[in-house]
Amino acid sequence: MSGSDLPGAPDTVLPETTGMELDQLTVVLLFEGPRYHEYPPEQAQELANAHLAYTIGLVADGHLLHAGALIDQGSDPKFTGLGFSRLSHDDLRPLIAEDPSVAAGLEDFRLVTHAFPKGSVVFPAESKTGA
């Protein structure tokens, strides 16, 4: 895969990658949603617990390779989580939209593509399956 094969905005400029094979992942960026501040602590905790269970299921089913919390003390809105997937944006978007915390507006998300030299990032789940 070359830099020109990667999805992105038409004006995205990538360095020349002649001789370098690239790989890519879809990255899920979770952040405070439009209703984040409306929820009382007990209800926010219930949604957070439902989000965790849902995310564990996405990992167990192979839709996400890795996911975890982000501790963000400086941005607005604050980032809350990060995930990595081999699925395309189109395939992953509806799965993330069904997350209970996203559906409730506690969190929102953005999908981006991470391009990197092939072989430089390895996830244990892929190593076990030979993906």
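What pattern does the protein follow when read along the sequence? In this predicted model, the order of elements is β-α-β-β-α-α-β-α, which amounts to four helices and four strands. The protein has 131 residues, and 32% of them are buried. Among contacts between residues at least 6 apart in sequence, 70% join residues at least 24 apart.

The interior can be entered through the largest nonpolar core, a set of ten residues made up of V28, L30, L58, L64, L92, L95, I96, V102, F109 and L111. Three elements, namely β1 (22-32), α2 (89-97) and β4 (107-117), each supply at least two residues of this core, and α2 gives the largest share, three residues. Apart from this core lies another one, of six residues, including L65, F84, F116 and F123. As a general background to such groupings, nonpolar side chains in soluble globular proteins tend to be buried together.

Helix α2 deserves a closer look, and its buried residues include L92, L95 and I96. Why do these residues lie on the same side of α2? They cover an arc of only 95° around the axis, and therefore they are placed on the same side of the helix. The buried residues of α2 pack against β1, α1 (41-60), β3 (79-85), α3 (100-103) and β4. For I96 in particular, when residues up to four places away in sequence are not counted, the residues touched are V28, L58, V102 and F109, and each of these four also appears in the list of the largest nonpolar core.

Helix α3 is the place of S101, a residue that counts as buried because its relative accessibility is 0%. Leaving out residues up to four places away in sequence, S101 touches L47, H51, L106 and E107. One of these contacts, H51, leads on to the next feature, since H51 is also one of the residues that lie nearest the centre of the largest pocket.

That pocket holds about 430 Å³ of space, and 27 residues line it, with H51, G68, A69, T80 and G81 lying nearest its centre. The elements that give two or more residues to this lining are β1, α1, β2 (66-69) and β3, and the largest share, six residues, comes from α1. Sorted by class, the lining consists of 15 nonpolar, seven polar and five charged residues.

Among the residues nearest the centre of the pocket is G68, which is found in strand β2. Is G68 buried, exposed or partly exposed? With a relative accessible area of 34%, G68 is partly exposed, as this value falls between the limits of 20% for buried and 50% for exposed. Once neighbours within four places in sequence are set aside, G68 is in contact with T80, G81 and L82, and of these T80 and G81 are also listed among the residues nearest the pocket centre. G68 and T55 are 13 residues apart in sequence, and their C-alpha atoms are 8.9 Å apart in space.

A last local detail concerns the loop between β2 and β3, where P77 is found. The peptide bond that joins D76 and P77 is cis, with omega at about 5°.

Note on methods:
Residues are numbered from 1 along each chain as its sequence is written. This is a predicted model: local features need pLDDT of at least 70, side-chain atom pairs count only at pLDDT 80 or more; totals for chains, interfaces and linings use all residues. Side-chain values use heavy atoms; hydrogens and water are left out. A nonpolar core is a set of buried Ala, Val, Leu, Ile, Met, Phe, Trp, Tyr and Cys residues joined through side-chain atoms within 4.5 Å. Buried means under 20% relative accessible area, exposed over 50%, partly exposed in between (1.4 Å probe, protein chains only). Contact means heavy atoms within 4.5 Å. The arc is that of the directions from the helix axis to the C-beta atoms. On a 1 Å grid over the protein atoms alone, a cavity is a set of points where a 1.4 Å probe fits but cannot get out, and a pocket is an open set with protein on both sides within 12 Å along at least five of seven lines; lining residues have an atom within 4 Å of a point. Grid points are joined across faces, edges and corners, and a volume is the space filled by probe spheres set on the points. Ala, Val, Leu, Ile, Met, Phe, Trp, Tyr, Cys and Pro count as nonpolar, Asp, Glu, Lys and Arg as charged, and the others, Gly among them, as polar.
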